Amino acid sequence: MEGGTMAQDLFVQRPIEIKGRRIKNRIAYAPMVSATAEDGRIVDKTLAFYEARIKGGVGLCMVEGTNVSPDQFREFMPQVTLHDDERAETHKALVDIIHSYDCHASIQLAHGGLMAVTARILFPDFMPQVPTPPHYAERPWMPVSGIDLLKDPNYVAEAMSAEKVRQTVLEFARAAERAKRVGYDSVEIHGAHGVLIGNFLSPFYNLRTDRYGGSLERRMRFCLEVIEETRKAVGKDYPIFIRLSVDEMLGDLGNSVEDYTSYIIPRLVEAGIDCFDVSMGSVQHVPDGMFPSLYYPRGYFMYLARLVKNIVPVPVIGVGRINSMQQAEFHLRRGDCDIVYMGRQLFADGETPRKFFEGRTEETRRCLGCLQTNGANICIPCTINPDVGNELYCEQKPADRKKRVVIAGAGAAGMEAARVAAERGHEVIVLERRTFTGGTVRILGNTTLMHEFRNLNQYHAHELKRLGVEVRTGVEATADSIAALKPDLVLVACGATMTIPEVARGKPFVLTHVEALEDKFKLGRRIMIYGLGYGAELAIALHDEGHEVTLAGRGNTVAANLSSLIRRQYLMRKLDPDIDLPMKDILNIRLLKNAELVSVEDDGWVTLKRKQNKQEEDCKVQVDTLVISLGRKSNNELLADLKQKGIEAIAIGDARTVGEIYRAIEDARATARRI
Ligand SMILES: Cc1cc2nc3c(=O)[nH]c(=O)nc-3n(C[C@H](O)[C@H](O)[C@H](O)COP(=O)(O)O)c2cc1C
Ligand code: SF4
């Protein structure tokens, strides 16, 4: 199937019916907050966002978590809502667009519950409604927002009265009625990830003693009433889906998987649910189910979907780290689920299904699972597809005049610029010092933990070949060699070099983070990684590959500079015994925080000065390899040389300003669209 001839009778292409409504294939767009609405209304930005996700051929589009309750709505938040008739009308345009692609239009109905607590940062008057006020005084866990529960006065929410609960039940039903009226083909009730219904279901969030709390049966009452009233509102022939975190990832504190499979789900079948969407985790405490990062295997909680599929008579949706159509096909064929949700993959490349159906799979840009916060929101814009969220402003036009563009450096920025410039009609030559393309991002992908980072170069390499870009590897680009190519324009994409502190320079066993991964054969058994930021990731990766690892650095926690809070939390759970987080699972990696690198001897002894309890003490560790994971410095000497020769040149990516992958890609794409 890869890239060439297509196997016939693919499971992904088989239509499916839910309550008599035909869905053309088994790939669905997952509910993903788009942050595009204005004052709760669907606007052009929202329409463009959704069109970009579905035009590639998904059979079903689940519109993002949509507010049902007037109480929970806050003006100016980019939140989609169905809590009133006037705003509901704005959904008609969205439904029309979805239908114009022969796609089933569904919408997820949500009440934020405890998840809405982060809104208090922007709206201090806002009071989240929950079954029981937060009771975590003895559990200072850090939610996804990064708020420290113990210290943050915002972390308050109001216990709902029984009347309020009942009113909210009816709000769900009214929202469902509006959804049906404006043309949606079904609704999904959001009961996963620690939103209100999930809060009511869970013994951790629900400590009530009235009819809505206590036993599992009573904790289910709110959910069952929502279904009952929704059914009355939409009629017996209208499909109602539900999303559940079948593993709440709260260990003994939450419902067990068994609670879901032996009690909750059978009761929901009786209540008339037409499709189960199986997810995992809770945003406040262990978000790795709602936001699975690249640290987890692809499809890592599909087994939960299969458990559910084995016990229900209706279709089941599986989800989680599916970043190729082949993998979706694999899960469908194996019988894990009936429909596969793709979320972030359709951010990375909205054309994923079509490229597969047309035998062009290798043209697909595959999600890295990086979960970066590149703007105000996770994944919007996407690290490797900066157009996500900017659909209205990212038109790419053919070049006015064809130019000969030489690009020095075949890292992420150089390759992206080459791709876009070639697509626009320029003649492009790429020069790369290394014998391979992909630069630092590809090298970072040289461990099992980080292997998804290799996706980017795979995509770029394929695209550059397809577009006829000449890529010369093993070539040092100098001002003279470039001048000989007679370029109209040069893009300097030589990346950045990692710095090594003075005390560690010149020792053969000292490597930078990038060198360590580029030449892994140079790594000894005993490794110290100095630098607690991305060094934390490297520590786990090398530990997993059998090294004896010490992680040291100046800070007082690990991964503090990662822009992905989800990855950060994972690293803390694996590395920092002092942090109180659920699902903590400390690896056998020695962690030396608050440690200043003092000296490095030729025989491998490394001395650190550690501050502990206001005392300073020296700590000596003997290593085979010292890996430095600190700052980087732009490689922009070539730019100056070119300018001196009067050659027009622009630095892009890290060569211009050192930053995260997103910045490099975005800069490269924007520059290549301008030239
Ligand atoms: C930016 C973003 C927004 C999301 N918004 C929602 C949401 O509104 N409702 C929901 O149930 N899940 C939401 N999710 C979870 C996704 O629906 C999906 O389950 C998750 O991303 C895993 O699937 P994937 O690996 O295909 O992305 C969101 C995830 C992301 C990354
Ligand atoms: S930002 Fe990263 S995780 Fe999110 S969609 Fe893009 S590549 Fe995937």
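In which sense do strand 13 and strand 14 pair, and over how many bridges? Strand 13, formed by residues 404-408, and strand 14, formed by residues 427-432, are joined by 5 bridges and run in the parallel sense. The model is a predicted one, and the points below take up the surroundings of ligand 1 and then two open sheets, one with the order 15-14-13-16-27 and one with the order 18-25-19-20-21.

**Ligand 1 and its surroundings**

- Ligand 1 is surrounded by 19 residues, and the closest of these are Pro31, Gln108, Arg243, Arg321 and Arg344.
- Sorted by class, the shell around ligand 1 consists of 10 nonpolar, 6 polar and 3 charged residues.
- Arg243, which is listed with the closest residues, places a polar side-chain atom 2.8 Å from an oxygen atom of ligand 1.
- The side chain of His190 has an N or O atom that is 3.1 Å from an oxygen atom of ligand 1, whereas for Gly343 it is a backbone N or O atom that lies 2.8 Å from an oxygen atom of the ligand.
- On its own, ligand 1 has 600 Å² of accessible area, and the protein covers 96% of it.

**The sheet with the order 15-14-13-16-27**

- This open sheet is built from 5 strands with parallel pairing.
- Strand 15 (470-473) and strand 27 (649-651) each have a single partner strand and stand at the edges, so one side of each is left without a neighbour in the sheet.
- From one strand to the next, the twist averages 15°.
- Where strand 13 pairs with strand 14, Arg404 stands opposite Glu427 of strand 14.
- Helix 21, made of residues 637-644, lies across strand 13, strand 16 (489-492) and strand 27, and its course runs at about 165° to strand 27.

**The sheet with the order 18-25-19-20-21**

- This open sheet also has 5 strands with parallel pairing.
- Its edges are held by strand 18 (510-512) and strand 21 (590-592), each of which has a single partner strand, so one side of each is left without a neighbour in the sheet.
- The twist in this sheet averages 20° from one strand to the next.
- Strand 19 (residues 526-530) and strand 25 (residues 625-628) run parallel and are joined by 4 bridges, and Ile529 has Val627 in strand 25 as its bridge partner.
- Helix 19, formed by residues 535-544, packs on the sheet and touches strand 19, strand 20 (548-552) and strand 25, while its direction makes about 170° with that of strand 20.

Definitions and conventions. Residues numbered from 1 in each chain as written. Chains lettered and ligands numbered in written order. Predicted model: local features only at pLDDT ≥ 70, side-chain atom pairs only at ≥ 80, totals over all residues. Heavy atoms only, no water. Near = heavy atom within 4 Å. Polar contact = N/O pair within 3.5 Å; in protein donor to acceptor, adjacent residues only side chain to side chain. Areas by Shrake-Rupley, 256 points an atom, 1.4 Å probe, with all protein chains shown as cover. Nonpolar A, V, L, I, M, F, W, Y, C, P; charged D, E, K, R; others polar. Pairing = 2+ DSSP bridges. Axes fitted to C-alpha atoms, helices over the stretch in contact; angles between N-to-C directions. Contact = heavy atoms within 4.5 Å.
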